[in-house]
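Work through the following exercises with the sequence and the model side by side. Each task is followed by a solution that proceeds step by step.

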Amino acid sequence: MEQRETCARTAQAPIDASRRKIFRIAALGLAAGVGLHGRSALAIEAVPEALRPVVGDRLVEEDAEGEPVPLKLADLRVGKPLLAFPFDTASKKIRSETRMNKVVLLRLPEAELDAETKAVSAGGVLAFSGVCTHMGCDIKTWMVSEKVFACFCHGSKFRPLDHGSVAGGPAPRPLPVLPIKLEGDQLVIAGPFTAPPGFTPQA
């Protein structure tokens, strides 16, 4: 049986937290020009420049409650994906106005990374757009045996050890890479996405 790892929470969230999350998802979709089903819009080009990630931003967990806390290397466990958003420490603002800013983080043994991959990683942590390039679903599942991210909406697979290249399914292009680095023990954005995050609506 295929072994799968996912960052999806298994514990039930309190009712108030669930409602807040639903409202938040709706707001994010609308801000990006994407409906609740995420099937009608394009990519980060539709997002104003001021809302996009900036070099030097930290990263915070997508579902974190309370005051934002920048993610540290130690917060990532090997083989456990985590969804996150950029965080501006100066303004204390999470850049979550658009789903196009959503990032999936994955920590792998550094020995498995080639030199080019290490150059955009931080302590073995890799960052990619968390939005499938096929139809815009969240990417949050790591398939250990194949070493791929999987999108369970339509079966697309991506290789994080090969710059997010497509390993299978209908996705038309790789997952964009977000270069990161360490400042102290915190994960910090080191450059822009290697390609525009988002998706091309499919017929």
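**Exercise 1: The lining of a cavity**

Sorted by class, the residues that line the second largest cavity comprise six nonpolar, two polar and no charged residues. The coordinates come from a predicted model, and the values below are computed from it.

Task: Establish which residues line the second largest cavity, and which element gives the largest share of that lining.

Solution. Begin with the count, which comes to two cavities of 30 Å³ or more. The second largest cavity holds about 40 Å³ of space. Its lining consists of Thr117, Val120, Leu126, Ala127, Phe128, Pro160, His163 and Val177. Finally, assign the lining to elements: strand β6 supplies three residues, which is the largest share.

**Exercise 2: Rings that meet**

Task: Determine how the rings of phenylalanine 128 and phenylalanine 149 are arranged, and which residues the ring pairs link into a cluster.

Solution. The structure holds two aromatic pairs. In the pair of phenylalanine 128 and phenylalanine 149, the ring centres are 5.8 Å apart and the planes stand at 75°, so the arrangement is edge-to-face. This pair links distant parts of the chain, since phenylalanine 128 belongs to strand β6 and phenylalanine 149 to strand β8, 21 residues apart. Accessibility comes next: phenylalanine 128 is buried with a relative accessible area of 1%, and phenylalanine 149 counts as buried at 0%. The rings of tryptophan 142 and phenylalanine 149 have centres 5.9 Å apart and planes at 70°, so they too form an edge-to-face pair. Both tryptophan 142 and phenylalanine 149 are buried. Taken together, the ring pairs link Phe128, Trp142 and Phe149 into a cluster.

**Exercise 3: Bonded and unbonded cysteines**

Task: Find which cysteines form a disulfide, and explain why cysteine 151 and cysteine 132 are not bonded to each other.

Solution. A search of the whole structure finds one disulfide. Its partners are cysteine 137 and cysteine 153, whose sulfur atoms lie 2.2 Å apart. The link between cysteine 137 and cysteine 153 is left-handed, with -105° about the S-S bond. It joins distant parts of the chain, 16 residues apart, with cysteine 137 in the loop between β6 and β7 and cysteine 153 in the loop between β8 and β9. The accessibility of each partner is then read off: cysteine 137 counts as buried at 9%, whereas cysteine 153 counts as partly exposed at 41%.

Turn next to cysteine 132, which is in no disulfide and has the sulfur of cysteine 151 as its nearest cysteine sulfur, 3.9 Å away. The cut-off for a disulfide is a pair of sulfur atoms within 2.5 Å. The sulfur of cysteine 151 is therefore too far for a bond, because the closest cysteine sulfur, in cysteine 132, is 3.9 Å from it. As for accessibility, cysteine 132 counts as buried at 1%, and cysteine 151 counts as buried at 3%.

**Exercise 4: A hairpin**

Task: Describe how strand β11 is joined to strand β12, and state which residue between the strands takes a positive phi.

Solution. Strand β11, residues 180-183, and strand β12, residues 186-189, run antiparallel and are joined by four bridges. One pairing to locate in the model is that of glutamate 183, whose bridge partner in β12 is glutamine 186. The hairpin of β11 and β12 has two residues between the strands, and glycine 184 takes a positive phi near 65°.

Notes. Residues numbered from 1 in each chain as written. Predicted model: local features only at pLDDT ≥ 70, side-chain atom pairs only at ≥ 80, totals over all residues. Heavy atoms only, no water. Pairing = 2+ DSSP bridges. Buried < 20%, exposed > 50% of the residue type's maximum accessible area, 1.4 Å probe, protein only. Phe/Tyr/Trp six-rings, centres within 6.5 Å; stacked < 30°, edge-to-face > 60°. 1 Å grid on protein atoms, 1.4 Å probe; cavity = no way out; pocket = protein on both sides within 12 Å on 5 of 7 lines; lining within 4 Å. Points joined across faces, edges and corners; volume = space filled by probe spheres on them. Nonpolar A, V, L, I, M, F, W, Y, C, P; charged D, E, K, R; others polar.
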